[in-house]
Number of protein chains: 2
Amino acid sequence: MPNDSRPEGSNDRRVRADARRNEDGVLAAAKELFASAGIDVAVRDIAAKAGVGVGTLYRRFPKRSDLVAAVFRQEVDACAAEAAILAATYPPDQALIHWLWRYTGFIATKKGLATALHSGDPAYAALPDYFRTSFEPALASLLEAAAATGKVRDDIAPYDLLRAIGNLSVAPDAEGTAHTHRMVDLMIDGLRRR
Amino acid sequence: MPNDSRPEGSNDRRVRADARRNEDGVLAAAKELFASAGIDVAVRDIAAKAGVGVGTLYRRFPKRSDLVAAVFRQEVDACAAEAAILAATYPPDQALIHWLWRYTGFIATKKGLATALHSGDPAYAALPDYFRTSFEPALASLLEAAAATGKVRDDIAPYDLLRAIGNLSVAPDAEGTAHTHRMVDLMIDGLRRR
DNA sequence: CCATATACGGAACCATGTTCCGTTTAACAA
DNA sequence: TTGTTAAACGGAACATGGTTCCGTATATGG
């Protein structure tokens with residue numbers, strides 16, 4: 001009888017390099033296709049673009065919704081992380097504005113997701129929370145720093161602002177982006193201290 | 001050469017009786033299944049429940065979305081028509097309240113549709129308009145009559161009220177109906193003249 | 001260089017919408 | 001009543017998309 005009690009500390013073999021590579025490739029392919037072809041692209045197409053078989057894809061993402069959720073999280077991370085970068089690059093009030101536009105762009109790519117989110121699939125259940133816990137602190141620190149300069153109001157709740165921009169991005173289909181752009185512009189203007 | 005110029009007036013053969021029967025049956029089956037099994041039931045199941053083949057179903061409703069739209073219109077008609085019935089049965093203020101609850105029930109069954117509506121399928125494009133042109137006049141006349149009794153405010157825009165109740169019905173999933181019920185109760189109470 | 005756990009690819013399976021077409025039948029007229 | 005025929009019917013077959021299976025290939029540790 002082989003010793004099947006694990007040696008306590010570092011146990012399992014490392015993840016194989018090709019596995020990691022493929023996972024990254026699938027995520028990248030999915031991200032691109034979701035953006036260009038919409039949330040409904042066939043899993044086959046994603047696998048093909050990533051240069052792997054569907055089996056490989058399904059090994060990592062047992063359900064299509066798992067892949068969607070993973071891409072979503074990845075993009076949330078990227079957008080949230082940018083807050084710190086912008087804060088280190090621009091003066092506080094400018095950093096805030098730059099990030100709000102970045103966030104607006106993020107939201108704009110999430111049209112299809114919005115409906116999927118409310119589809120009841122448990123794979124999506126955790127996403128709203130992930131969204132909030134990633135973005136709220138990021139925006140909070142930008143707002144705080146900007147308010148400290150005296151150029152921006154100090155009575156804005158980060159989550160309110162996140163939602164407001166999100167809502168503004170839903171309105172009309174035709175000529176939609178231009179309309180959204182104007183409204184967000186207005187809102188950003190409203191943040192300035194008079 | 002047969003005379004193929006139509007005798008101008010009544011031309012085409014009548015619609016066959018079985019055709020009409022089957023159309024009604026399909027609509028009835030679809031209505032039931034949409035309510036009990038959700039908007040995503042398979043077309044096959046609807047055809048089976050109606051006792052017809054899928055070919056028959058598709059003859060009348062070339063696209064699944066056509067069937068969905070037809071059921072929707074049918075239910076809008078039924079709900080709107082009830083306004084007149086209630087108005088003839090109850091005193092104006094009571095008729096208004098009864099109908100608002102009826103409308104709340106109608107909305108409650110439309111959860112799945114809401115997402116479908118924004119799916120871009122052209123079959124659904126006309127539905128919002130149909131919704132409004134059916135319900136707005138119905139509610140308007142109820143409101144008007146109720147306001148004339150002096151028991152109900154006279155400054156309510158019918159469409160605002162329709163939307164308000166619609167919005168109240170979207171909120172939380174868990175314990176949702178009870179919550180919605182309380183909110184609508186409040187809103188109806190708010191209609192009364194002090 | 002071997003042994004093997006792991007990962008890979010893609011054919012096959014299942015569910016769903018949609019199309020096709022041979023068969024049946026209601027409606028009309030002789 | 002009966003024959004004719006346009007219309008309608010049923011359901012197999014097709015297209016597409018998610019998911020599973022499993023024989024083959026290979027990275028990793030010794």
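**View 1. Phosphate contacts of DNA strand D.** A polar backbone atom of B:Gly53 lies 3.0 Å from a phosphate oxygen of DNA strand D, a polar contact in the sense used here (a pair of N or O atoms within 3.5 Å; within protein, one must be able to donate a hydrogen and the other to accept it, and residues adjacent in sequence count only if both atoms are side-chain atoms). An N or O atom in the side chain of B:Thr56 is 2.3 Å from a phosphate oxygen of this strand, and on chain A a polar backbone atom of A:Val43 is 2.8 Å from a phosphate oxygen of DNA strand D. Helix 1, helix 2 (43-50) and helix 3 of chain A, together with helix 1 and helix 3 of chain B, each give two or more residues to the surface near DNA strand D, where helices (H or I, at least four residues) and strands (E, at least two) are DSSP runs numbered from the N terminus.

The model is predicted, so that local features need pLDDT of at least 70 and side-chain atom pairs count only at pLDDT 80 or more, whereas totals for chains, interfaces and linings use all residues. Residues are numbered from 1 along each chain as its sequence is written, chains are lettered from A and ligands numbered from 1 in the order in which they are written, and side-chain values use heavy atoms, with hydrogens and water left out.

**View 2. The protein surface around DNA strand D.** DNA strand D is surrounded by 26 residues, the closest being A:Arg44, B:Arg16, B:Asn22, B:Gly55 and B:Thr56; a residue is near a strand if one of its heavy atoms lies within 4 Å of it. Helix 3 of chain B provides the largest share of this surface, 5 residues.

**View 3. Base contacts of DNA strand C.** An N or O atom in the side chain of B:Arg44 is 2.6 Å from a base oxygen of DNA strand C, while a backbone N or O atom of A:Gly55 lies 3.2 Å from a base oxygen of this strand. A polar side-chain atom of A:Arg44 is found 3.5 Å from a base nitrogen of DNA strand C.

**View 4. The protein surface around DNA strand C.** Among the 27 residues that surround DNA strand C, the closest are A:Arg16, A:Asn22, A:Gly55, A:Thr56 and B:Arg44. Of the strand atoms within 4 Å of the protein, 55% belong to sugar or phosphate and the rest to bases. Helix 3 of chain A gives the largest share of the surface near DNA strand C, 5 residues.
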